[in-house]
Amino acid sequence: MSPMIRIPTPLRTYAGGESEGTVRASTVGDAMTELVQRYPQLQRHLYTDDGALRNFVNVFLNEEEVRYLGGDRTAVAEKDTITIVPSIAGGASAIDAAVERDLSPEEVLRYSRHLIMPEVAMGGQRKLKAARVLLVGAGGLGSPLGLYLAAAGVGTLGLVDFDVVDATNLQRQVLYGSSDVGRSKLDAAAERLRDVNPHVEIIPHEVRLTSENALRILEPYDVVVDGTDNFPTRYLVNDACVLLGKPNVYGSIFRFEGQVSVFFAEKGPCYRCLFPEPPPPGLVPSCAEGGVLGVLPGIVGSLQALETIKLILGAGESLIGRLLLFDALMLRWRELKLHKYPDCPVCGERRTVTTLVDYEEFCGIPQAIAADAAERGALVEITASELKERLDDGEPITIIDVREPHEWEIANLEPYGARLIPDAATLLTRRETRGSSPSSGAA
Ligand SMILES: [Zn+2]
């Protein structure tokens, strides 16, 4: 018999660049032996030292995995096809590798620095053009992501955001300029990205991603990139990706620290395998509360763009099953191995989450806190102008500022009798040494 053997992209380098070949064999085992004899370099990629097929390599006869047929001894017939499928990470393309779109002469010129690299070349660039990537969040991470993915020629870029550009965004959200302040982020982003690359189709989704709309919005995309800054959306994106079988390129930033990974339940762990439950509300501050160094989302978002492109090309080794930690202050990288958690509530064997839930409630914010406070008759929030009004009316209000001294220094309500607690001692020392303290302005 002369069955056909298909060799996956990541292994072709070890098979003389061949994508397929016929061998003479009567069983699957014989066919594989024949293949390895022809290309000895394949041996260590397919088999362990004691001759067992590596556990991340699957062999299919036509549509069936041979493990569920007769294993190595499965008989092969003349027109059969044997397909080797590495089951995790590796260079396996996340999206249908067969989908490619032709390039115009203009595009061939534009992407020439990609085309001369064998890892991209015409085939890879055509895959990029056929790819559909959804960016959830057009902020700090979404900025480099949008710019680099558009520039690289990802054919369709969806953007989810409903914010307006404000002045505090400009320190890190390089997608926007000063003249964009007050504009819808998606209007400004779409205009900028279409200028970066008019060959890219930009699809704005100007909505808050919710359990009701997430599956519908994510469904048409090949890769979802998580550029969110809050837990409810992060869990929502993860669960929706698991339910839809899509890779989720994850990035997060805080002050000087960044995290990057690729969660893809079909080939490795998901975000909930790592963090089954969100931290209690208030335990982990957001970037708005804790701050973030402006260049950090540039680094982390660029790594997410890189991983997205690799998934599309099927090039290199993906971050699936690995968590990359970056400490910008120490300039240090660490890599952790991630495992699929058998009891993961969304991708585990006995999964309990089979549909999208209410993620605000799941993360305990903000309704639960508000409801609890309202029950006790407490005031949850007061705006600066409300406070001013009440102070101007002569209401005897005691203002306690619980922020850090460096925050007090930016602006404070000392003229209204505000006191900084808990760090009063630091404040006193500073007043003695400097003689005065900065005054006025709303905190
Ligand atoms: Zn999981």
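## Report on a predicted model: sheet, helices and loops

Four of the five residues of β6 are buried, so β6 is largely enclosed by the rest of the structure. The model is predicted. This report starts from that strand and works outward.

### The chain as a whole

The protein chain holds 18 helices and 15 strands. Of its 443 residues, 33% are buried. Among contacts with a separation of 6 or more, 67% join residues 24 or more positions apart.

### The sheet around β6

β6 (132-136) belongs to an open sheet of eight strands. The strand order is β8-β7-β6-β9-β10-β11-β12-β13, and the pairing is mixed. The edges are β8 (201-205) and β13, each paired on one side only. Direction ignored, neighbouring strands are turned against each other by 15° on average.

Two pairings can be followed strand by strand. β6 pairs with β7 in the parallel sense, over five bridges. In that pairing, V136 stands opposite V160 of β7. β7 (residues 156-160) is also joined to β8 by five bridges, and these two strands run parallel as well. V160 has H205 as its bridge partner in β8. V160 thus faces V136 and is bridged to H205.

### Helices on the sheet

Which strands does α8 lie across? They are β7 and β8, and α8 runs at about 175° to β8. α13 also packs on the sheet, where it touches β6, β9 (223-226), β10, β11 and β12. The direction of α13 makes about 170° with that of β10.

### Two helix pairs

Two packed helices are described by the angle between their axes and the distance between the axes. The table gives both values for two pairs.

| Helix pair | Residues | Angle | Axis distance |
|---|---|---|---|
| α7 and α8 | 142-152 and 185-196 | about 35° | 9 Å |
| α6 and α13 | 121-130 and 296-313 | roughly 110° | within 9 Å |

Take α6 and α13. Their axes cross at roughly 110°. Angles of 65 to 115 degrees count as roughly perpendicular, so α6 is roughly perpendicular to α13. The crossing of α6 past α13 is right-handed. On the α6 side, the residues that meet α13 are G124, K127 and L128. Their counterparts in α13 are I309, I312 and L313. By type, this contact divides into four nonpolar residues, one polar and one charged.

Burial in α6 covers several residues: G124, Q125, K127, L128, K129 and A130 are buried. The cover over them includes α5 (112-115), α7 and α13. G124, K127 and L128 are therefore both buried and part of the contact with α13.

Now α7 and α8. α7 passes α8 in a right-handed crossing. From α7, G146, L147, A150 and A151 take part. They meet A189, L193 and V196 in α8. Which residue types make up this contact? It has six nonpolar residues, one polar and no charged.

### The β10-β11 loop

R255 and F256 deserve a look together. F256 sits in the loop between β10 (248-254) and β11 (257-263). R255 is found in the loop between β10 and β11 too. R255 is not a glycine, yet its phi is positive, about 55°.

Are these residues buried or exposed? A residue needs 20 or more C-beta neighbours within 10 Å to count as buried, and 12 or fewer to count as exposed. F256 has 16 such neighbours, so it counts as partly exposed. R255 has 14, so R255 counts as partly exposed.

Which residues does F256 contact, leaving aside neighbours within four places in sequence? They are L293, L296, D327, A328 and L329. D327 is 71 residues away from F256 along the chain, but their C-alpha atoms are separated by 6.1 Å.

### The β12-β13 loop

L331 lies in the loop between β12 (322-327) and β13 (332-337). Its phi is near 50°, a positive value in a residue other than glycine. L331 has 8 C-beta neighbours inside 10 Å, so L331 counts as exposed.

How values were computed:
Residues numbered from 1 in each chain as written. Predicted model: local features only at pLDDT ≥ 70, side-chain atom pairs only at ≥ 80, totals over all residues. Contact = placed C-beta atoms within 7 Å. Axes fitted to C-alpha atoms, helices over the stretch in contact; angles between N-to-C directions. Left-handed = near helix turned anticlockwise from the far one by under 90°. Nonpolar A, V, L, I, M, F, W, Y, C, P; charged D, E, K, R; others polar. Parallel < 35°, antiparallel > 145°, perpendicular 65-115°, else oblique. Pairing = 2+ DSSP bridges.
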